[in-house]
Amino acid sequence: MADKKEKKGFKAWWAGLKGEYSRIIWPEKPTVIRQTVTVIIVTLIIGVLIAMVDSLIQLVLGKII
C-alpha cells in the first residue's frame, strides 16, 4: 500500500513539474549573451577594485608596522 502511495505521489509530482516547466518563459539568446557579458565585466571590475584596495591596505600597513 505504501508503494502505491509513493508512486502516486511521484507521478503527481512529475506531472506538476512538467506543467510548471512548460510555463517557464525562456529568455532570447541575445538577452542571455548580453547578461552573461555584463556579469563577466562587472565581476572583473569588482575583482580589480578589491585587488586595488587590498594593495593599498598592504601599503599603508607596511608603512605603519
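1. Rings of Phe, Tyr and Trp, the last taken by its six-membered ring, are counted as a pair if their centres lie within 6.5 Å. On that basis, a search of the whole structure, which is a predicted model, returns 4 aromatic pairs. The rings of F10 and W13 make a tilted pair, because their centres are 5.7 Å apart and their planes meet at 35°, an angle that is neither under 30 degrees nor over 60.

2. The position of this pair along the chain deserves mention. Both F10 and W13 belong to helix α1, which covers residues 2–22. The two residues are 3 residues apart, about one turn of the helix. F10 is partly exposed, since its relative accessible area is 48%. F10 and W13 also join W14 in one aromatic cluster.

3. A further pair is formed by Y21 and W26, and its geometry is edge-to-face. The centres of these two rings are 5.8 Å apart, with 65° between the planes. Y21 counts as exposed because its relative accessibility is 53%, and the cut-off for that class is over 50%. W26 is likewise exposed, at 54% relative accessible area.

4. Charged side chains contribute 1 salt bridge to the count. The side chains of E20 and R23 form this contact, with a distance of 2.9 Å from N to O. As for accessibility, E20 is partly exposed because its value is 47%, whereas R23 reaches 59% and is therefore exposed.

5. A nonpolar patch lies on the surface and consists of V53, L56, I57, L59, V60, L61, I64 and I65. Together these residues present about 830 Å² of accessible area. One of them, I64, is placed in helix α2, which spans residues 29–64. I64 is exposed because its relative accessible area is 64%, and over 50% is what that class requires.

6. The following values concern the protein as a whole. Its secondary structure amounts to 2 helices and 0 strands. How many of the 65 residues, as a percentage, count as buried? The figure is 0%, where buried means a relative accessible area under 20%. The protein exposes about 6500 Å², and 72% of this area is supplied by carbon and sulfur atoms.

Technical notes:
Residues are numbered from 1 along each chain as its sequence is written. This is a predicted model: local features need pLDDT of at least 70, side-chain atom pairs count only at pLDDT 80 or more; totals for chains, interfaces and linings use all residues. Side-chain values use heavy atoms; hydrogens and water are left out. A salt bridge is a side-chain nitrogen of Lys or Arg within 4 Å of a carboxyl oxygen of Asp or Glu. Buried means under 20% relative accessible area, exposed over 50%, partly exposed in between (1.4 Å probe, protein chains only). Helices (H or I, at least four residues) and strands (E, at least two) are DSSP runs, numbered from the N terminus. Patches are made of residues with over 30% relative accessible area and no salt bridge: like charges are joined within 9 Å, nonpolar side chains (Val, Leu, Ile, Met, Phe, Trp, Tyr) within 5 Å. Accessible areas come from the Shrake-Rupley method with a 1.4 Å probe; for residues, only the protein chains shown count as cover.
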